Structures are given as structure tokens and as C-alpha cells.
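Visitor: I'm new here and would like a close look at a single part. Could you pick one residue and stay with it for a while?

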Amino acid sequence: MAITDKIYVKNHRQLASQLDTSFPKSAFAGATLDMLFTGDSLAKLDSTTRDRVLDFSEDFLDCSCESHPYCGCAERKFIDYLLELRAQGFGPDAIVDVMGDDYMLYAYSGDILSFLDQSVRTLEAAEALADIEDTGRSEAIRTAKRDLTG
């Protein structure tokens with residue numbers, strides 16, 4: 001299961017009440033994207049929530065793919081966001097806090113920790129392959145791994 005499947009809308013019940021409808025808690029579920037990012041729905045939200053939804057939309061849903069927003073670009077951008085927060089020195093608990101402040105999203109710290117651990121393992125495998133194949137990417141991969149492990 002991808003980490004983006006474990007990212008949830010904070011204050012879900014309050015949002016569902018403001019919109020007078022139900023939608024999944026998962027932030028990247030198709031129905032959630034449809035519901036939260038249509039003009040009619042945005043108009044029903046309070047200004048603080050609307051600002052966070054618009055920030056999320058601008059940061060992650062801005063692509064020119066034909067199947068937008070179901071193309072996977074949002075998920076890839078969000079994964080980059082999580083990795084960048086880790087590279088800045090944030091731990092799993094702090095990453096959850098920043099997500100909440102930035103976009104009104106939450107996740108469980110353990111899920112973030114598992115994602116980061118898996119990311120390091122993936123980089124270790126890529127580093128080993130790059131060393132064997134002599135692709136010239138070994139140093140870049142080592143730097144990325146150092147950024148994640150602190």
C-alpha cells in the first residue's frame with residue numbers, strides 16, 4: 001500500500017458537514033479529489049479551510065496530464081514533499097505536524113516512519129546496483145540516502 005493511501009483529511013467530519021455530503025477520509029481518493037476541488041464545494045468551505053485546500057491543489061494537483069487529477073502526479077509530488085521534509089531534518093512526528101499545518105492532512109507517525117525506512121532501503125538497493133553497473137549515479141544516491149538518514 002502506497003504512503004499516499006495512508007494520508008487522511010484532517011477534520012473530516014467538519015468538512016463533510018460544511019459540504020453537506022460524505023466523502024472518503026483518504027486525501028488522494030478519487031471521490032475526495034472530486035468533492036474538495038470543485039468550485040461549488042470550495043465555495044461552501046470556511047476561509048481557512050478553503051485556503052488550505054487551495055494550497056494543496058496548487059502544490060500537488062497542478063499538472064497538464066490528460067487524466068488529471070488521476071494521473072499519479074499528485075501522489076508523486078506529495079512523496080517528494082515528504083522526502084524533502086525529512087531531508088530538512090524533520091522526524092515522523094514533525095512531518096505529521098507540518099502536513100497538518102500546511103494542508104490540513106494527517107497520517108500516523110508509524111506509517112511515515114515505515115515509508116521513510118522503505119525509502120532508505122530502496123536507495124540502498126539502488127546504490128548497490130549503481131556501484132555494480134558503474135552508472136556514475138552512486139554518489140547522488142549516497143547523498144540522497146544521507147539526507148534521509150540524517
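Let's take Thr32: is this residue buried or exposed?

Guide: Thr32 is buried, because its relative accessible area is 0% (buried is under 20%, exposed over 50%, partly exposed in between, with a 1.4 Å probe and protein chains only). Before we go on, a word on the model: it is predicted, so local features need pLDDT of at least 70 and side-chain atom pairs pLDDT 80 or more, while totals for chains, interfaces and linings use all residues. Numbering starts from 1 along each chain as its sequence is written, and side-chain values use heavy atoms, leaving out hydrogens and water.

Now back to our residue. Thr32 sits in helix α2, which covers residues 30-36 (helices are DSSP runs of H or I with at least four residues, strands runs of E with at least two, numbered from the N terminus). Who surrounds it? Set aside the neighbours within four places in sequence, and Thr32 is in contact with Val9, Phe23, Pro24, Ser26, Ala27 and Phe37 (contact means heavy atoms within 4.5 Å).

Keep an eye on Ser26, since that residue also leads us to another threonine. Thr4 touches Ser26 too, along with Phe28, Glu75, Phe78 and Ile79, once residues up to four places away in sequence are left out. You'll find Thr4 in the segment before β1, the strand at 8-9. Thr4 is buried as well, because its relative accessible area is 4%. So Ser26 is in contact with Thr32 and with Thr4, two residues that are both buried.

For a contrast, hop over to helix α4, where Asp59 lies. Asp59 counts as partly exposed because its relative accessibility is 39%.

Let's zoom out to see where Thr32 fits. The protein has 8 helices and 2 strands, and along the sequence they follow the pattern β-α-α-α-α-α-α-β-α-α. Thr32 is one of the buried residues, a group that makes up 35% of the 150 residues in the protein. As for contacts, take those in the protein with a separation of 6 or more: 45% of them come from residues 24 or more positions apart. Finally, the overall dimensions: the C-alpha trace spans about 55 × 35 × 25 Å along its principal axes.
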